[in-house]
Structures are given as C-alpha cells and as structure tokens.
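Work through the exercises below with the coordinates open. Try each task before reading its solution.

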Amino acid sequence: MKKLLLLAGLAFGIQLAVRASDPENETPNGLNSRATALTRAMAGKIRLDEGQYVKLKQLNLRMLSTMDDLKERFAADPEIRDARMAEAQVSYNMELALMLRPAQLTAMQKSQENMTALGSISQQ
C-alpha cells in the first residue's frame, strides 16, 4: 500500500512539474509565449536591464491579453473594438515611455518608424 501511494504521489508530482514548465499552460492562447517573444524582440532593439525586461514582459502580457479580450468582446462591432484598441495602445505607449530611459525610448521610436509603411515612404 505504501508503495502504491508513493508511486501515485510521484506520478502526480511529475505531472505538476510538466505543466509548470509548459508556457502554453500558464495563460490562455499561449499569451505567455507570445509576450516572451515580443519582449525578446523589443529587447534586441533596445538595451534593457533585467528589471526592465521583467516589467516589459508583464506590460506586453497585459497588452496582449487586453487586445485578445477586446477582439472577443467587440467582434460584432468593429468601430467600438478599434476605438478601444486604440485607447489600449495609447495606454501601453505611455506606460512604456515611463519605463524606458530617454535613449531607449528614442531607439524604440526609431525601430517603430522603420517598421511602418509611412516610415519607409518618408525615408525614400
């Protein structure tokens, strides 16, 4: 009986460890892995210290979660959805600006300009 309980406990512990190590299980729709990828991409363009990286990942996770929520809640009304998404983007940009140092913010803005269609047109 003791061996059976020990084996069941061990199996349960292994299952918990596997679930905890899988980022897809941490948040719905793989938000954690998406936030990690976005944060890494942004960190590659600007130099972040460890604290900033953690804060940026949390900010990105909140932003992605908010965007997914807005897409779901306002799927039937694109005008309201777009307005709410624009508000969320402004809020995200303000929080990002408060988090970054001036040189980092400048680097981030330059990389965003290079990624937009208008940025590439104005450079030609």
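The exercises go from the whole chain to single residues, and the model is a predicted one.

**Exercise 1. The fold in outline**

Task: State how many helices and strands the protein chain has, and what share of its residues is buried.

Solution.
- Step 1. Count the elements: the protein chain has six helices and zero strands.
- Step 2. Read them in sequence order. The pattern is α-α-α-α-α-α.
- Step 3. Turn to burial. Of the 124 residues, 24% count as buried.
- Step 4. Check the contact range. Take the contacts with a separation of 6 or more; residues 24 or more positions apart account for 53% of them.

**Exercise 2. A helix pair**

Task: Determine whether α3 and α4 are roughly parallel or antiparallel, and describe their contact.

Solution.
- Step 1. Locate the helices. α3 covers residues 50-73 and α4 covers residues 78-99.
- Step 2. Take the geometry. The packing angle is about 175°, and the axes are 10 Å apart.
- Step 3. Apply the cut-off. Angles over 145 degrees count as roughly antiparallel, so α3 is roughly antiparallel to α4.
- Step 4. List the contact residues. α3 contributes Q52, K55, L56, L59, N60, R62, M63, T66, M67, L70, K71 and R73. From α4 come R81, R84, M85, A88, Q89, Y92, E95, L96 and M99.
- Step 5. Sort by class. The contact of α3 with α4 has ten nonpolar, four polar and seven charged residues.

**Exercise 3. The loop after α3**

Task: Classify F74 as buried or exposed, and find its contacts.

Solution.
- Step 1. Place the residue. F74 sits in the loop between α3 and α4.
- Step 2. Classify it. The relative accessible area of F74 is 16%, so F74 is buried; the cut-off is under 20%.
- Step 3. Find the contacts. Beyond neighbours within four places in sequence, F74 is in contact with I80, R81 and R84.
- Step 4. Check one distance. F74 and R84 are ten residues apart in sequence, and their C-alpha atoms are 9.1 Å apart.

**Exercise 4. Two helix residues**

Task: Assign Q52 and L105 to their burial classes, then list what each touches.

Solution.
- Step 1. Start with Q52, in helix α3. Q52 counts as buried because its relative accessibility is 7%.
- Step 2. Skip neighbours within four places in sequence. Q52 is then in contact with R47, M99, L100, R101 and Q104.
- Step 3. Move to L105, in helix α5. Its relative accessible area is 23%, so L105 is partly exposed.
- Step 4. Leave out residues up to four places away in sequence. L105 touches A97 and L100.
- Step 5. Look further along the chain. L105 and I46 are 59 residues apart, with their C-alpha atoms separated by 8.2 Å.

**Exercise 5. The largest pocket**

Task: Give the volume of the largest pocket and describe its lining.

Solution.
- Step 1. Take the volume: about 230 Å³.
- Step 2. Find the lining. There are 14 residues, and the closest to the pocket centre are L38, M42, Y92, M108 and Q112.
- Step 3. Assign the lining to helices. α2 (31-45), α3, α4 and α5 (102-115) each supply at least two residues.
- Step 4. Sort by class. The lining has nine nonpolar, four polar and one charged residues.

Technical notes
Residues are numbered from 1 along each chain as its sequence is written. This is a predicted model: local features need pLDDT of at least 70, side-chain atom pairs count only at pLDDT 80 or more; totals for chains, interfaces and linings use all residues. Side-chain values use heavy atoms; hydrogens and water are left out. Axes are lines fitted to C-alpha atoms, for helices over the stretch in contact, and angles run from 0 to 180 degrees between N-to-C directions. Helices (H or I, at least four residues) and strands (E, at least two) are DSSP runs, numbered from the N terminus. Angles under 35 degrees count as roughly parallel, over 145 as roughly antiparallel, 65 to 115 as roughly perpendicular and the rest as oblique. Contact means heavy atoms within 4.5 Å. Ala, Val, Leu, Ile, Met, Phe, Trp, Tyr, Cys and Pro count as nonpolar, Asp, Glu, Lys and Arg as charged, and the others, Gly among them, as polar. On a 1 Å grid over the protein atoms alone, a cavity is a set of points where a 1.4 Å probe fits but cannot get out, and a pocket is an open set with protein on both sides within 12 Å along at least five of seven lines; lining residues have an atom within 4 Å of a point. Grid points are joined across faces, edges and corners, and a volume is the space filled by probe spheres set on the points. Buried means under 20% relative accessible area, exposed over 50%, partly exposed in between (1.4 Å probe, protein chains only).
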